Amino acid sequence: MRFMMLMIPLGYESAPAKLELDPERVAAMMRYNQALKDAGVLITLEGLHPPASGARVKFDTGLPVVIDGPFTEAKEVIGGFWMIEVASRAEAIAWAKQCPASANEMIEIRQVQEMADFSEEVQQAAATFEHPQGGWGKALR
């Protein structure tokens with residue numbers, strides 16, 4: 001089972017576009033990342049720049065409207081993510097609990113959808129797309 005662990009740093013929604021990182025915290029996080037890799041569960045991981053340097057495209061009017069960050073209505077935003085492959089939700093939670101997160105951070109764990117989760121009709125509708133790294137197209141090959 002694949003799970004995405006989403007890092008949600010509280011206050012990140014109002015962080016400046018350029019951040020100064022604490023080298024000790026980065027080193028602790030890299031040790032955690034290495035543990036995920038050494039255990040063979042890490043698929044990929046990335047950190048994200050703060051919303052101040054981002055943009056959103058809304059479609060609520062039927063037309064795409066671009067809104068530049070920061071996003072004043074945001075209460076929680078994603079600061080980065082890990083994609084892991086483990087045997088169960090409980091194992092994903094166990095890995096998240098080992099993260100050297102600070103008191104103002106939380107991790108949301110979400111299982112990745114697999115084609116087998118969907119009806120045959122949905123699988124056929126998705127069959128025309130071949131994901132470059134497997135993803136939904138992988139189950140149909």
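This is a quick tour of the packing, one odd glutamate and a hairpin in a predicted model.

Let's start with the packing. The largest nonpolar core runs to 14 residues, and Met5, Tyr32, Leu36, Trp82, Ile84, Val86 and Trp95 have the most contacts inside it. Two strands and two helices, tabulated here, each put at least two residues into this core.

| Element | Residues | Share of the core |
|---|---|---|
| β1 | 2-9 | at least two residues |
| α1 | 23-38 | at least two residues |
| β5 | 80-85 | at least two residues |
| α2 | 89-97 | at least two residues |

Apart from that core sits another one, made of five residues, including Tyr12, Phe71, Ala74 and Val77.

Back in the largest core, what does Val86 touch, leaving out residues up to four places away in sequence? Its partners on that count are Met1, Phe3, Val41, Glu91, Ala92 and Trp95.

Now for the glutamate. Glu13 belongs to the loop that links β1 and α1. Glu13 is buried, yet no salt bridge goes with it: Arg56, the nearest side chain of opposite charge, is 9.0 Å off. What Glu13 does touch, again skipping residues up to four places away in sequence, is Pro51, Pro70, Ala74, Lys75, Glu76 and Val77. Two of those names, Ala74 and Val77, also turn up in the five-residue core.

Last, the hairpin. β3 (residues 55-58) and β4 (residues 65-68) run antiparallel and pair over four bridges. Lys58 faces Val65 of β4. Six residues lie between the two strands of this hairpin, and Gly62 adopts a positive phi near 95°.

Terms used:
Residues numbered from 1 in each chain as written. Predicted model: local features only at pLDDT ≥ 70, side-chain atom pairs only at ≥ 80, totals over all residues. Heavy atoms only, no water. Core = buried A, V, L, I, M, F, W, Y, C linked by side-chain atoms within 4.5 Å. Buried < 20%, exposed > 50% of the residue type's maximum accessible area, 1.4 Å probe, protein only. Contact = heavy atoms within 4.5 Å. Lys, Arg positive; Asp, Glu negative; His and termini not counted. Salt bridge = Lys/Arg side-chain N within 4 Å of Asp/Glu carboxyl O. Pairing = 2+ DSSP bridges.
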